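Me: I would like to learn how to read cysteine pairs, salt bridges and a nonpolar core from a set of coordinates. Please take each feature in turn.

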Amino acid sequence: MSKDNIAKQSILPERQSKINLMMRQEEHGLEEQVYCICRSSDASRFMIGCDYCEEWYHGDCIDITEEESRFIKKFFCPVSINLHCI
């Protein structure tokens, strides 16, 4: 994920720790991660992180736009909701 894309997602302080982790992984050249229900390594598209399991999801895969995400203070992914009754 580019630093510009990461900066876009850092608007909400609740997401800052997840973004910092992704940046550290990128800086240290750690192996490429797969994300989302699509299990892709494509981090160039808009993504949102689950506040429960800390998995990242492409907005288009879970039907959340970047604009809609600006109003979400805490996001819980479908997997966390179903498995953990959140």
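Reply: The turns below treat these topics for the structure shown, which is a predicted model.

Me: How many disulfides does the structure hold?

Reply: In general, a disulfide is a covalent bond between the sulfur atoms of two cysteines. The structure holds 0 disulfides.

Me: Why is there no bond between C36 and C61?

Reply: The sulfur of C36 lies 3.6 Å from that of C61, its closest cysteine sulfur, which is too far for a bond; a disulfide requires the two sulfur atoms to be within 2.5 Å. C36 is buried at 2% relative accessibility, whereas C61 is partly exposed at 28%.

Me: How many salt bridges does a search of the whole structure find?

Reply: The search finds 4 salt bridges. One of them joins the side chains of E55 and R39, with N to O at 3.4 Å. This pair links distant parts of the chain: E55 belongs to the loop between β1 and β2, and R39 to the loop between α2 and β1.

Me: Which residues are linked in a network of salt bridges?

Reply: The network comprises D42, R45 and D60. Within it, the closest N and O atoms of R45 and D60 are 3.1 Å apart. R45 is partly exposed at 28% relative accessibility, while D60, at 57%, is exposed.

Me: Which residues have the most contacts inside the largest nonpolar core?

Reply: They are Y35, I48, Y57, I62 and F75, in a core of 14 residues. The elements β1 and β2 each give two or more residues to this core.

Terms used: Residues numbered from 1 in each chain as written. Predicted model: local features only at pLDDT ≥ 70, side-chain atom pairs only at ≥ 80, totals over all residues. Heavy atoms only, no water. Core = buried A, V, L, I, M, F, W, Y, C linked by side-chain atoms within 4.5 Å. Buried < 20%, exposed > 50% of the residue type's maximum accessible area, 1.4 Å probe, protein only. Helix = DSSP H or I, 4+ residues; strand = E, 2+ residues; numbered from the N terminus.
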